[in-house]
Amino acid sequence: MPSITLGTAISTPPAWRHWISLSIGMLCGIALSNVQATYSIAACDMSTKTCGVAVQTNNLAVGASVPYAQAGVGAVASQFETNPVYGPKGLALMKAGKTPKQALQQLLAEDGNFEGEGIQARQVALVGIDGLTAVYTGAEAQQANWAGSRCGPGYSIQGNGLAGPQVIEQMEQTYLHAAGSLAERLLAALSAGDAAGGQRSGRESSALLVKTPQGWPVDIDLRVDHATDPVGELRHLLNLEMARRQTVTAQRLVDAGQFDQAREQLDAALAKAPDWPRLWLRAARIAMQMDEPGLAMRDLDTALVRQPAWAATELNQGVYAELGQLEHFHAWIDTAQKQQTLRDADALTTHATVAERVALTRRLLEDGDAATARKLIDAIPVSTGSAAMHEVRADIALAQTDTAKAAAEIQLAVAAAPDDLRLRKKALRLKQALPKP
């Protein structure tokens, strides 16, 4: 009969009647005794109403079966011989008002012997948004030496087939002292378990699931289905995700005119995910919006070195008009792109709007064709000039090495859009580039 550290004995239906060891509340049962091997942490952050699970196992695609969570409700980890009903049903019961203990009792009583296995082959933990917990390790799961659990307010850590009790002990201490978001704390705990010996039978897959009140794209659902270092790969994925979020924050800061703070976010993001070309590409665009063409060229170069195919879609859109004066930039634009721009210029009618002419002029500047760009923009009467038109005139002047004219045009752009911080910054930069009298 399973040992009981703290809990309630439950009588089960006649078909498989025996006593169940159940650990509930602020303490969890520890059972000693290699069959399966999984360890996980389920937790909820009561202050943010966020719940999640981090897990590793020696089987394929653990993220498809073990972790379940719902913001404002709770988290469930169902492992060893997983019953797929436990996760959705456990969350539904807690959402309906059941405590984790009550929900767990019902899950075990209504197990249904999925795939011929009963509750003796289950290890399951439930954590409610109120901080209450309940965890159960069946008799068969307990034979996967070492097996056991630890829990406290708002978290439960459990495993089987482990190197020893130090695995979950280190997970607990790390979780309790870790800083950052729930996702970062969950992964820190999982990493600590891995470092403490993890599973006796090896490792293969891992997952991190976090559900937030905001939902997607703030939620996290990351999975490593087959790898020699699944926790390390999961850390890499979380770094990518956190870097993506910092880049989104950087964009919002730029939109708010907070360029210095945006640069800090970008630097931190690129440090987290230096091998992700998509991030460098987005950073290049943001750098242009902050009037940092040198930084934009660096970031664009880094992105395209890692993923040259993106040059066909990212360039020739007019985003990098000022970079068109750099010979190095032209190495990324192919002949077909330049020919298409010229065909579009030839097809431009006299009825084209100012915005259409400005957009095409910027593409010509990217191609390094300042002469055609000037012809196109000179067809617009100066009296109808917008901030965008004056800026593109400034970029043409820069491409033709006329810094004085560029500085004059950008001042007109600032006059047309005085609240545009990027234009004001660009005006200062061009002014500083003027020859000293």
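The following is a dialogue about a predicted model and the values computed from it.

Visitor: What makes the protein more spread out than a compact globule?

Guide: The protein has 17 helices and 12 strands. Its radius of gyration is 30 Å, and the globule rule gives 22 Å for 437 residues; the value is well over the rule, so the protein is more spread out than a compact globule. Along the principal axes, the C-alpha atoms fill a box of roughly 90 × 45 × 35 Å. Of the 437 residues, 52% count as buried.

Visitor: Where is alanine 256, and why is it called exposed?

Guide: Alanine 256 sits in the loop between H6 and H7. Its relative accessibility is 52%, and exposed means over 50%, so alanine 256 counts as exposed. From alanine 256 to valine 135 the C-alpha distance is 47 Å, with their positions 121 residues apart in sequence.

Visitor: Why is threonine 82 called buried?

Guide: Buried means under 20% relative accessible area, and threonine 82 has 19%, so it counts as buried. Threonine 82 belongs to the loop between strand S6 (74-80) and helix H1 (86-95). Leaving aside neighbours within four places in sequence, its contacts are Ser65, Val66, Phe114 and Arg122.

Visitor: How do you know that the side chain of threonine 82 and the backbone oxygen of serine 78 make a polar contact?

Guide: A polar atom of the threonine 82 side chain lies 3.0 Å from the backbone oxygen of serine 78. The cut-off for such a pair is 3.5 Å, so the distance falls within it.

Visitor: What is notable about phi in phenylalanine 80 and glutamate 115?

Guide: Phenylalanine 80, a residue other than glycine, has a positive phi near 65 degrees. Glutamate 115 is not a glycine either, and its phi is positive at about 55 degrees.

Visitor: Which of these counts as buried and which as exposed?

Guide: Phenylalanine 80, in strand S6, has 6% relative accessibility; that is under 20%, so it counts as buried. Glutamate 115, in the loop between helix H2 (100-109) and strand S7 (122-128), has 68%; that is over 50%, so it counts as exposed.

Visitor: Which peptide bonds are cis?

Guide: One joins asparagine 145 and tryptophan 146, with omega about 5 degrees. Tryptophan 146 is in the loop between helix H3 (139-142) and strand S9 (147-152). Another runs from tryptophan 216 to proline 217, with omega near 10 degrees. Proline 217 is in the loop between strand S11 (205-211) and strand S12 (220-224).

Visitor: Why is the pair of tyrosine 155 and tyrosine 175 called tilted?

Guide: The structure holds 2 aromatic pairs. In the pair of tyrosine 155 and tyrosine 175, the ring centres are 5.6 Å apart and the planes 50 degrees apart. Centres within 6.5 Å make a pair; an angle that is neither under 30 nor over 60 degrees counts as tilted, so 50 degrees is tilted. The pair links distant parts of the chain, with tyrosine 155 in strand S10 (residues 155-160) and tyrosine 175 in helix H4 (residues 166-177). Tyrosine 155 has a relative accessible area of 5%, so it is buried. Tyrosine 175, with 7%, is buried too.

Visitor: What makes tyrosine 320 and phenylalanine 329 an aromatic pair?

Guide: Their centres are 6.3 Å apart, which is within 6.5 Å, so they pair; the 50 degrees between the planes makes this pair tilted. Both residues are buried.

Visitor: Which residues have the most contacts inside the largest nonpolar core?

Guide: They are Met290, Leu300, Leu315, Tyr320, Leu323 and Phe329, in a core of 33 residues. Helices H6 (230-255), H7 (259-272), H8 (277-289) and H9 (293-306) each give two or more residues to this core. H8 gives the most, with 8 residues. Apart from this core lies another of 29 residues, among them Trp146, Tyr155, Leu190 and Leu208.

Visitor: How do you know that the length of helix H13 agrees with its residue count?

Guide: At 1.5 Å a residue, the 13 residues of H13 (residues 354-366) should span 18 Å; the end C-alpha atoms are 19 Å apart, which agrees. The buried residues of H13 include Arg357, Val358, Leu360 and Leu364. Among the elements covering the buried residues are helix H11 (327-330) and helix H15 (387-399). Just after H13, glycine 368 has a positive phi of about 80 degrees.

Notes
Residues are numbered from 1 along each chain as its sequence is written. This is a predicted model: local features need pLDDT of at least 70, side-chain atom pairs count only at pLDDT 80 or more; totals for chains, interfaces and linings use all residues. Side-chain values use heavy atoms; hydrogens and water are left out. Helices (H or I, at least four residues) and strands (E, at least two) are DSSP runs, numbered from the N terminus. The expected span of a helix is 1.5 Å times one less than its number of residues. Buried means under 20% relative accessible area, exposed over 50%, partly exposed in between (1.4 Å probe, protein chains only). Contact means heavy atoms within 4.5 Å. A nonpolar core is a set of buried Ala, Val, Leu, Ile, Met, Phe, Trp, Tyr and Cys residues joined through side-chain atoms within 4.5 Å. A polar contact is a pair of N or O atoms within 3.5 Å; within protein, one must be able to donate a hydrogen and the other to accept it, and residues adjacent in sequence count only if both atoms are side-chain atoms. Rings of Phe, Tyr and Trp (its six-membered ring) pair if their centres lie within 6.5 Å; planes under 30 degrees apart count as stacked, over 60 as edge-to-face and the rest as tilted. The radius of gyration is taken over C-alpha atoms; the globule rule is 2.2 Å times the number of residues to the power 0.38.
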